[in-house]
Amino acid sequence: MATSPFRYFISLFLLLLCFEPCLRVGDAKTGCIERERQALLHFKQGVVDDYGLLSSWGNAEDKRDCCKWRGVECNNQTGHLIRLDLHAPLDGMGFPQSLTGKISQLGPSLAELQHLKHLNLSRNHFGGILPTQLGNLSNLQSLDLGHNHGDMSCENLDWLSHLPLLTHLDLRRVNLGKAIHWPQAINKMPSLTELFLSHTQLPPIIPTISISHINSSTSLAVLDLSSNGLTSSIYPWLFNFSSSLVHLDLSMNDLNGSIPDAFGNMTTLAYLDLSGNGLGGSIPDAFGDMTTLAYLDLSSNELPGSIPDAFGDMTTLAHLDLHSNHLNGAIPDAFGDMTTLAYLDLSSNELRGSIPDAFGDMTTLAYLDLSGNELRGSIPDAFGDMTTLSHLDLHSNHLNGAIPDAFGDMTTLAYLDLSGNGLGGSIPDAFGDMTTLAYLDLSSNELRGSIPDAFGDMTTLAYLDLSWNELRGSIPDAFGNMTSLAYVELSLNQLEGEIPKSLRDLCNLQELWLSQNNLTGLKEKDYLACPNNTLEILDLSYNQLKGSFPDLSGFSQLRELHLEFNQLNGTVSANHLFGLSNLSVLDLSFNSLTFNISLELVPQFQAQSIMLPSCKLGPRFPNWLQTQEDLLELDISASGISDVIPNWFWNLTSHLQWLNISNNHISGTLPNLQATPFILDMSSNCLEGSIPQSLFNAEWLDLSKNLFSGSISLSCGTSWGLSHLDLSNNRLSGELPNCWEQWEDLVVLNLANNNFSGKIKNSIGLLHQMQTLHLRNNSFTGALPSSLKNCRALRLIDLGKNKLSGKITAWMGGSLSDLIVLNLRSNEFNGSIPSSLCQLKQIQMLDLSSNNLSGKKPKCLKNLTAMAQKGNPVLSYLTSYDLATLYYVDSTLVQWKGKEQEYKNTLELIKSIDFSSNKLIGEIPIEVTDLVELVSLNLSRNNLIGSIPTTIGQLKLLDFLDLSQNQLNGRIPDTLSQIADLSVLDLSNNTLSGKIPLGTQLQSFDASTYEGNPGLCGPPLLKRCPEDQLGGVSSTSGLSSKKEVDIQDDANNIWFYGNIVLGFIIGFWGVCGTLLFNSSWRYAYFQLLSKIKDWLYVTTIVNMNRIRRSLQG
C-alpha cells in the first residue's frame, strides 16, 4: 500500500507523455515557428509581387500563422515548414502571374528553412546566380526552379551532393553553361529518381574525364536533357543508368552518327525521345529487344534506309514517331503485328511503294500520318477495318485511283487529309456516313463530277477544302445542313450556277472561299446573312458574277471581301458598304463598278487593304479615302483619275506599304515623303518635276512613263532595300549616280528612254543581284565598264541607241553566262565580234546591229544552244515581300520586220540574231544553219561575200530573213523554198544569179525581195531565165512546136470572141425583141417600172422628213 502513490505518479507521467503530441498540435495551430516566419517575411521583401500572390503573408494579427499563408505547408506535429510552393499560376488568358526578384538575394532566407522537404519556385521571373545555400536544406526531397524567365544561372552544382534525400530536381531553363562537372554532381545524388535539365545550355561532357565508372545513382528513372547542345559524348555516362531509366528525353540536341545498339540494353525503358538531332545511319534492329518501350520518337533526324521489320517485335509500343527523316523503301507489313500502337507518324520521308493492307490489322491505331512521302497506288479498302482511327493524313503523296467507299466504315474518324495526290473519280456518297468527321481536305487532286448531296449528312464537319480539283455542277443545297461548318474552300474548280440560298443556314461559317470557278450570281440578296452573323472572309473572286454590287448589309463581322475579276457593274455608294464596320480587306479589282461616295456619308470601316484597279473613281481624286487612317495597301490604278494629288493624301503614306496609282492622268509634283511605301507604282501618269529623294527608300519603285526631269543624284544616301527600279520613259538627264553599292539587292534597273549622258559608272558592277539592265535610248558614252562582268546574275542587257564605243569585250561571254537577251544595237562599238560570245548558251536574242563592227563572224555560233534547242528560258521574276509576291515580266524592244516593237509576254518566244548595218566581211558561216530554232536572222548591210549556205533550209522556223545589201553571189539554194513559215525575205542588192527556185513560198514575195541582183531570173521577177525563153531555140522541132502553139492560140481567140457576139445577140433580142413585137407584155413591163419609180420616190421623201424632224428635235 505504501507504493500506491508512487504508482499513481508514474501512471500520470506516462499518460502525459501519451498526450504530448496532441498538446504540440494544439500549439502548432496557433502559429508556426517564429524563426521560419521571419525568414519567409524576409523572403517576401526580396521579391516584386505585382499580382498580390503573397498578400496573405504579413505581420497583422490575422496573418500571424505562417502555416496558413499561400503556398506554405507545415508539419502538423512539429510546426516546421516542410513545403513552399510559389509556382506562378496562370490567368484567364493563359499567361503566368509571376513573382520577380534575384534568386541570389533569397538564398539566406531559404537557408533558414532547415526542415523544408519541397521547394517549388517554377515559372516565375527569378534571375541571378543560384545560391549555394540551397545545399544546406539537407531534408529537401524535391526542388523545382524550372521555367524561370529571369536569366537564372548556376556555375557549380557541387552543392547538390549535400542533398542526399533529393528525389526530384527540376532546373529547366537555368543556365548551366559553365557547370562543366555537372555529370559528377549528378552521380553523387544517390536518391535522385527524376531529373529535368532541358534548355540549360549544358556543356558537353569532356571525353578526357572518365566518368563511366564513377558510382552513380541506381535509382534514376526519369531523365530529361532535351534542348541542350549535347553531343554523342553523353553516351558513356548515360548508359550507366541502363537498368533504372524508364523515361529518357534527349531531343533537340546535337547528337550525330548512328544510334548505338546499347539502347537495346535499356530493358526498363518505357519512353525514349531522340527527335530533333542529327542522327544518321539506319535504325538499329536492337530496338526490337526493347520489350517495355511504349513511346519512341526518332523524328527530325537524318536517318536513311528502310524501316526495320524488328519494329514488329515491339508489342508494347503505343507511340511511334519517325517523321522528317530520309527513310525510304516500302512500309513493312510487320506494322500489322504492333497491335498496341495508337500513334504512328511516318510523314515527310521518302517512303515508296503502296500502303500495305496490314494496316487493317492495327485495330488500336487512333493517329496515322503518312503524308509527304512518295507512296503510290490506291488507298486500300483495309482502312475500313481501322474502326478506332480518329486522325488520318495521307496528303502530298502520289496516290491515285478512286477514294474507297470503305471510308464510310470509319465511324470514329475526325480528321481526314487526302490533299496533294492524284486521286480521281467522283467523291463517294459514303462520306455521308462519316458522322464524326470534323476536318476534311481533298484539295489538289483530280476529282471530277459533282459535290454529292450526301455531304449534307456530315453535320459535325467544321473544315472542308475541295479546292484545286475538276469538280463541276452547282453547289448543292444540302450544304445548308452542315451547320457546324466554319471553313469552306471550293476555289479553283469548275463549279457553275448560282450560289445557293441554303448557305445562309451555316450560322458558324467564318470563311467562305469560292474563287476561280464559273459561278454566275447570287440566288437571293440575303444568301449568307445568317442571324448569328459569323462570316469573316468572303472570296468570290475570279468568277462570272454579273449585275450590280451585292447587298451585304447583314455582314457586320466581315473582315475580308474579295470580288475581284468578275463582271459586276453599276454604282457603289456608301450605303452598299454601310454596316461593314470590321472590314479590313476590300478587293473589287477589275470590275466595271463606279464609286459614288461623298465625305458626308463615308464607310464605317477602317480598312488595311483597299484594291480598286480598273474601277471608276475619277475624274476627281476620291476624297473619301482620307477617312482611312489604317491603310497598308492601296491600289487605285487605271481608275480614271485626272487630278492633282491632294495634300491630305500624303498623310496616308505614313502607314502605307503598298501604293499603286498607275495608269491614270494624275498630274503635279511629288513632295519628299516622311515615310515611303515598300511597293510604290506611279507609272503611266503625268507627274513632273524632280524625283524626291525619299522615294528611293522604297523596295519596288516604278515611276516610268511620266514627265519627271532633272538628275537622280539625290538617290544617293537612301536605304539599301531597293530591288526594282523603273524610271524609264521620262525626261531625266545628267550622269548616273556613283553610289550603286547602296542598292546591292537591286534585281531590275530600267532607265531607258531618258536623256542620261556620260559614262556608265564602274560602281554598277557592285549590283551582284541584278538580272535586268535597261539603259536603252539615252546618250551614254565611253566603253562598257569592266566591272559589269561581276554582275553574273544578268539575264537581260539592253544598251541600244546610245553612243557607247570601244570593243565588245571578251569577258561578256565568259562572265555573263546566264544572258538571254543582249541588245547593243545603234551604238559606236568597233572591232570584231568576240568568239567568247559563243559561250552564251542561254542567249536567244542577240542584237549587235548598227555599229561599226568589222571582221568575220565567229564560226562557233552553233554553240548558242538555246537557239538550237526547244524550250524558252523564263524572263519573269517573282519577288517576295512581307505583304505579297510581285510578278515581274521583262520586256524589250525588238527590231522585227523593219519596225521596233515591244515584246513582253511573248519575249520568250523570240529567238533572233541581228548583225545588220555593220562592216562585217567574209562568208556566212555554215554553222549558223545549225541554230534550227531561229525565228529571225538579219545579216543585211554588211560586206558579206560568198554564197548562201545550201543548208539554210534547216531553219524551218525562220519567219524573218534579211541578207540584203551585201556582196553575196551564186544561186539561191533550193532548200530555201522549204521554209514554209517565212513571211519576210529580203535578198536584194547582192550579186546573186541564176533561177529563183520554184516553190509557193519564194514566188509569193514581191519582186523587190530580189531586186538589185542582175543575174537573177524567174518568177516573181519579170525577167525570164534563158532556159525558159523558147524563142531563142534554133532547132526545127522547137520552131514547129512554137507554130503549133500560136495556131492553137488563134483558134481559141476566134472561139472566145465569137461566143461573146452570139451571147449579145441572143440576150438582146430575147428581151427587147419580145417587148417590141408583143404589146401586152410591153405595157405590163413599163407599168412595173412606173410603180417601182413611184415607190422609190415616196420612200425617199418619207425618210427625209423623218430625218429632218429628228434633227430639229
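W648 and F649 are both buried in this predicted model. Their ring centres lie 6.1 Å apart with the planes at 70°, so the two rings form an edge-to-face pair. Across the whole structure, a search finds 26 aromatic pairs. The points below take up further aromatic contacts, the largest nonpolar core, an open sheet and a loop residue.

**Aromatic pairs and cluster**

- A pair of aromatic rings is described by the distance of the centres and the angle of the planes.
- F756 and F780 form a stacked pair, with 6.3 Å from centre to centre and 10° between the planes.
- F756 belongs to strand β49 (residues 755-759) and F780 to strand β51 (residues 779-782), so this pair ties together parts that are 24 residues apart in sequence.
- F756 and F780 are both buried.
- One aromatic cluster is made up of Y415, Y439, Y463 and Y487.

**Largest nonpolar core**

- In soluble globular proteins, nonpolar side chains tend to be buried together.
- The largest nonpolar core here comprises 274 residues, and the members that touch the most others are L84, W182 and F455.
- Helix α2 (residues 34-45) gives the most to this core, contributing 4 residues.
- Leaving aside residues up to four places away in sequence, W182 touches the leucines L157, L197, L202, L225 and L230.
- With the same exclusion, W182 also touches P203, I205, I234 and W237.

**Open sheet β67-β69-β70**

- An open sheet is formed by 3 strands in the order β67-β69-β70, with parallel pairing.
- β67 (969-970) and β70 (1015-1017) stand at the edges and have a single partner strand each, so one side of each is left without a neighbour in the sheet.
- β67 and β69 (residues 991-995) run parallel and are joined by 2 bridges.
- Within this pairing, N969 stands opposite T991 in β69.

**Loop residue D50**

- D50 is found in the loop between β1 (47-48) and β2 (72-74).
- The relative accessibility of D50 is 59%, so D50 counts as exposed, the threshold for that class being over 50%.
- D50 and T100 are 50 residues apart along the chain, and their C-alpha atoms are separated by 8.4 Å.

Definitions and conventions:
Residues numbered from 1 in each chain as written. Predicted model: local features only at pLDDT ≥ 70, side-chain atom pairs only at ≥ 80, totals over all residues. Heavy atoms only, no water. Phe/Tyr/Trp six-rings, centres within 6.5 Å; stacked < 30°, edge-to-face > 60°. Buried < 20%, exposed > 50% of the residue type's maximum accessible area, 1.4 Å probe, protein only. Pairing = 2+ DSSP bridges. Core = buried A, V, L, I, M, F, W, Y, C linked by side-chain atoms within 4.5 Å. Contact = heavy atoms within 4.5 Å.
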